[in-house]
Amino acid sequence: MTARAMLLSFSDPVAGMVPTLVPFQYNPSEVTRVLRVAPGASGGSGLRVGAPPTETYTFKLELDALDALDKPVTGTLGVGPLLAAIEGMMEPGGGGLAALAGAVVSVLGGGGGAAPVPAPSLPLVILAWSPERIAPVRIDSYSAHETGFDSALQPVQATVDLSVTVLRDRDLNADQTLANVMATAYQAVRTGLAVVGVAQGLELMT
């Protein structure tokens, strides 16, 4: 059986340890990875940079409810819940009750010298693509194309264009222990593959 890639988020404090889980119904046929070198300081060596390169993944998800219309959730709502789950991963605070509570507190405490409410953060999302590609990411862009609807105009077919940025340990808070471990492991795997790449280069030359 082919392994399925997925997006996971544990960041909604209301849900606790129950993750928001979006498995890829069909693994994308193409994934684009882009590494961009961070700009360095002006003057001096052109090889000096300010930080490690940023890495982004871009891919297209295909969602289709037609094969599961006999199931209660999919038959009633189509692929709408999956679309909403991905969209929630782009909402500060997860877009759930925690975000609503924070908004209420900020309104009620707007005057009278109340302590400032911290700026909301996006949920931490984990991209699980394969055993060696499990990395904390931030969803940068999302574009949904709903291409089929049922009689109640619920979307039953859609494609989603996603772009995510891989987060390194320097991008994470110290208390995000699991994410820091994943970020370190991901970079270690990339370094290990680069070492193997030296041997592979020699192998392909002979």
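This report walks through the sheet, two helices and one threonine of a predicted model.

## The sheet

Let's start with the strands. Seven of them make up an open sheet, and reading across it gives the order β2-β1-β5-β6-β7-β4-β3, with antiparallel pairing. The edge positions belong to β2 (20-23) and β3 (31-36); each has a single partner strand, so one side of each is left without a neighbour in the sheet. From one strand to the next, the twist averages 30°.

At the β3 edge, the partner is β4, which covers residues 54-64. These two strands run antiparallel and are joined by six bridges. If you would like a specific pair to look up, R36 has T54 in β4 as its bridge partner.

## Helices across the strands

Two helices are worth bringing into view here. Helix α2 (residues 80-88) lies across β2, β4, β6 (133-149) and β7 (155-166). Its direction makes an angle of about 140° with β6.

Helix α4 spans residues 177-205 and lies across β3, β4, β5 (125-130), β6 and β7. Relative to β6, α4 runs at about 95°.

## A closer look at T56

Strand β4 is also home to T56. Is this residue buried or exposed? T56 counts as buried because its relative accessibility is 11%, below the 20% cut-off for that class.

Which residues does T56 touch, once neighbours within four places in sequence are left aside? The contacts are T32, R33, V34, R36, V164 and T165. R36 is thus a name to find twice: it is in contact with T56, and its bridge partner is T54.

Terms used. Residues numbered from 1 in each chain as written. Predicted model: local features only at pLDDT ≥ 70, side-chain atom pairs only at ≥ 80, totals over all residues. Heavy atoms only, no water. Pairing = 2+ DSSP bridges. Helix = DSSP H or I, 4+ residues; strand = E, 2+ residues; numbered from the N terminus. Axes fitted to C-alpha atoms, helices over the stretch in contact; angles between N-to-C directions. Contact = heavy atoms within 4.5 Å. Buried < 20%, exposed > 50% of the residue type's maximum accessible area, 1.4 Å probe, protein only.
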